[in-house]
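Here's a quick walk through one protein model, from the overall numbers down to a few odd backbone spots. Have the structure open as you read.

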Amino acid sequence: MKKNKLKKLSIFALTTALTVSCLAGCGKKKEEDTEQATITTEAAATMSDADIEFAPTKEGYVINEFSGEWIDESLSNQRPLCIMINNIVDAMPQSGISQADITYEMLVEGGITRYMCVFKDYSNLEKLGPVRSARHYYVQMANMLGGIYAHVGWSVYAESWIKDTGLNNLNGLYDSTTFYRDESRVAPHNCYTNSEKLKEGIAAAGYSTEYLGEKSKAFAFNVEDTALGSGQTANKVTTAYNDSSTRWYEYNADEKLYYRFQYGTEQIDDQTNEQLRYKNLIVMFVQYTDLGDGLQNIDWDKTGTGYYITDGEYEAISWRKDNGVVKYYTADGKQLKMNPGKTFVTVFDETKQDKIIFE
């Protein structure tokens, strides 16, 4: 008890000292959005005095745990939507995916890839898709993030995993409330949804829109844009899953964003008619294991390496499952802090690391 009292006094003294110091000399050196800083009691309870950090506050807003950006405080405890998106050439251009906070790209059978797009706020989606079927390692990632998982169909492993765990999911095989077919496109690349239908589907299924447990802590963010200072240039980043499906990014130094290309051309969201672009890129190397019939497996309990790319530079990172969720770490062992903005995660075969090229 005495130790806890001393810790509280220490935190109070530190807060007071810093407040007085800032009143005396800080002035308005921070932007309006981040003028007021305070120690979060939750963080203070688990950190030593030397490790206490300050979190920005903005009245009526909170930080999005998937982008590091401000969102309305009403969304603070809202679970994310994690949705499967088709990514073969016949599915392009996709719709609505530029609004995702995090996009995961992983291999499925036949050497092709699919996306799992993660939306903290899914209230402004006019058209999202085309939606495709589940694979169990995407399902597992959605579960780690505490999300509601949306898909159309499933592999035998995904079906088993969802049914055995009771994961909250919306399946277009049986759900005509959430999904619809766009007859202007060819099946099976023509299944879509939107905000209204997603909300109706979630309500009809009786799922909670709020976190069922602890809020996801998969990602950490800088308060403001921070250069890596690694000296390792990343003006163009190529991620070639195979010779026929090369993806690459080109860095726009004026906007400090990475523009995405695939199948030999710009990748466009047909709802905005703009090219996909990201503040952060993560490449994580995993062991893909063939389960038969081309179906893959990823063991998220293993550890691995990778790269973090932002602001025209890259650095080596590692990843591991920590407290039930995959997190990323820098060379000094601390959790990776990304710059605020949208992130694309490439989940790549660890045996083909030479196919990741920086220029």
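## The patch at L291

L291 sits in strand β21, which covers residues 288-292. With a relative accessibility of 34%, L291 counts as partly exposed, because that value falls between the 20% and 50% cut-offs. L291 also teams up with V156 and Y157 in a nonpolar patch on the surface. Together the three offer about 250 Å² of accessible area.

## The big picture

Keep in mind that this is a predicted model. The protein has 359 residues, and 48% of them are buried. Its secondary structure adds up to five helices and 28 strands.

What share of the contacts between residues at least 6 apart in sequence join residues at least 24 apart? For this protein that share is 62%. As for the outside, the accessible surface is about 17300 Å², and carbon and sulfur atoms account for 48% of that.

## Inside the core

The largest nonpolar core takes in 80 residues. The ones with the most contacts inside that core are Y104, M106, M116, Y149, W300, Y328 and V347.

Y104 is a handy one to click on. Once you set aside neighbours within four places in sequence, Y104 still contacts R114, Y115, M116, V118, M141, L145, F219, Y328, V345 and V347. Among those partners, M116, Y328 and V347 are also on the list of residues with the most contacts inside the core.

## Around W319

Next up is W319, which belongs to strand β24 (residues 313-322). Is W319 buried or exposed? W319 counts as buried, because its relative accessibility is 3% and the cut-off for buried is under 20%.

Leaving out neighbours within four places in sequence, W319 has a long list of contacts: M284, F285, V286, D299, W300, K302, T303, G304, T305, V326, K327 and Y328. With F285 there's a polar detail too: the W319 side chain reaches the backbone oxygen of F285 at 2.9 Å. Looking at the backbone instead, the C-alpha atoms of W319 and Q335 are 9.3 Å apart, with their positions 16 residues apart along the chain.

## Backbone oddities: cis bonds

Some background for this part and the next: most residues other than glycine have a negative phi, and most peptide bonds are trans.

Which residues does the cis peptide bond with omega of about -5° join? That bond links M92 and P93, and P93 is in the loop between β5 (81-85) and β6 (102-107). Another cis peptide bond connects G129 and P130, with omega about 0°. P130 is in the loop that runs between β7 (113-119) and α3 (136-144).

## Backbone oddities: positive phi

N273 isn't a glycine, yet its phi is positive, near 60°. N273 is found in the loop between β17 (268-269) and β18 (274-275). N273 counts as exposed, because its relative accessible area is 62% and the threshold is over 50%.

D311 is another non-glycine residue with a positive phi, this time near 50°. D311 lies in the loop between β23 (304-310) and β24, and β24 is the strand that holds W319. Here the burial call goes the other way: D311 is buried, because its relative accessible area is 12%, under the 20% cut-off.

Methods. Residues are numbered from 1 along each chain as its sequence is written. This is a predicted model: local features need pLDDT of at least 70, side-chain atom pairs count only at pLDDT 80 or more; totals for chains, interfaces and linings use all residues. Side-chain values use heavy atoms; hydrogens and water are left out. A nonpolar core is a set of buried Ala, Val, Leu, Ile, Met, Phe, Trp, Tyr and Cys residues joined through side-chain atoms within 4.5 Å. Buried means under 20% relative accessible area, exposed over 50%, partly exposed in between (1.4 Å probe, protein chains only). Contact means heavy atoms within 4.5 Å. Patches are made of residues with over 30% relative accessible area and no salt bridge: like charges are joined within 9 Å, nonpolar side chains (Val, Leu, Ile, Met, Phe, Trp, Tyr) within 5 Å. Accessible areas come from the Shrake-Rupley method with a 1.4 Å probe; for residues, only the protein chains shown count as cover. A salt bridge is a side-chain nitrogen of Lys or Arg within 4 Å of a carboxyl oxygen of Asp or Glu. Helices (H or I, at least four residues) and strands (E, at least two) are DSSP runs, numbered from the N terminus. A polar contact is a pair of N or O atoms within 3.5 Å; within protein, one must be able to donate a hydrogen and the other to accept it, and residues adjacent in sequence count only if both atoms are side-chain atoms.
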